[in-house]
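User: I would like to go through this model by way of its charged pairs, its nonpolar core and its helices. Please give the reasoning before each value or name.

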Amino acid sequence: MSDQTPQQPDAAHAANPDFDAMTRDIAEVPAVEVITTVAVHLMSSAAVNLGLAEEGAAHKDLDEARKLIQALAGLVTASATEIGSYHAAPLRDGLKSLQLAFREASVVPDEPGQGPGEKYTGPVYG
């Protein structure tokens, strides 16, 4: 057993992160991974704002959900040819599920083709 205490990170080092190392790290991440990660964050946030998470009603905000779904639709549509169908297909499926959930959660549903993201994806039907 040792009497040494664990070394604490130097406070000066913690206050000044190594941005050069962080930049190199992000440069090594493939674009498809960045795109899918952003898409998953948008999906998760939209689902929470649709009230689909635990304690859903407490977090339900359809205006926020509409914005997130719209952004997700733009990202998925614009990047689909770049990331390939292997990666785009599950993102499209998730997007469609969120669009349908939005329609179901709305007191007055949008007309087909007028829902969030539908200007990019076309009308979504269940």
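User: Which residue does the side chain of D110 meet in a salt bridge?

Analyst: This is a predicted model, in which local features need pLDDT of at least 70 and side-chain atom pairs count only at pLDDT 80 or more, while totals for chains, interfaces and linings use all residues. Residues are numbered from 1 along each chain as its sequence is written, and side-chain values use heavy atoms, with hydrogens and water left out. A salt bridge here is a side-chain nitrogen of Lys or Arg within 4 Å of a carboxyl oxygen of Asp or Glu. At 2.8 Å from N to O, the partner of D110 is R66.

User: How many residues apart in sequence are the parts that D110 and R66 tie together?

Analyst: Helices are DSSP runs of H or I with at least four residues, strands are runs of E with at least two, and both are numbered from the N terminus. D110 lies in the loop between α6 (85-105) and α7 (118-121), whereas R66 lies in helix α5, so the parts tied together by this pair are apart in sequence by 44 residues.

User: Are D110 and R66 buried, partly exposed or exposed?

Analyst: Buried means under 20% relative accessible area, exposed means over 50%, and partly exposed lies in between, with a 1.4 Å probe and protein chains only. D110 has a relative accessible area of 21% and R66 one of 29%, so each of the two counts as partly exposed.

User: Which residues are joined into one network by salt bridges that share partners?

Analyst: D63 forms a salt bridge with K67, with the closest N and O atoms 3.3 Å apart, and this pair is separated by about one helical turn because the two residues are four apart in helix α5 (residues 62-83). K67 also forms a salt bridge with E64, at 3.5 Å between the closest N and O atoms, and these two lie three residues apart in α5. Through shared partners, the network joins D63, E64 and K67.

User: Which element gives the most residues to the largest nonpolar core?

Analyst: A nonpolar core is a set of buried Ala, Val, Leu, Ile, Met, Phe, Trp, Tyr and Cys residues joined through side-chain atoms within 4.5 Å. The largest one has 21 residues, of which L50, I69, L72, L91 and L98 touch the most other members. Two or more residues come from each of α3 (31-49), α5 and α6, and the element that gives the most, with eight residues, is α5.

User: How large is the arc that the buried residues of α3 cover around the axis?

Analyst: The buried residues in α3 are I35, T36, A39, L42, M43, A46, A47 and N49. The arc is taken from the directions from the helix axis to the C-beta atoms. These residues lie on the same side of α3, because the arc they cover is only 160 degrees.

User: Which residues does E118 touch, leaving out those up to four places away in sequence?

Analyst: E118 lies in helix α7 and counts as buried at 4% relative accessibility. With contact meaning heavy atoms within 4.5 Å, the residues that E118 touches are Q99, R103, E111, P112, G113, P123 and V124.
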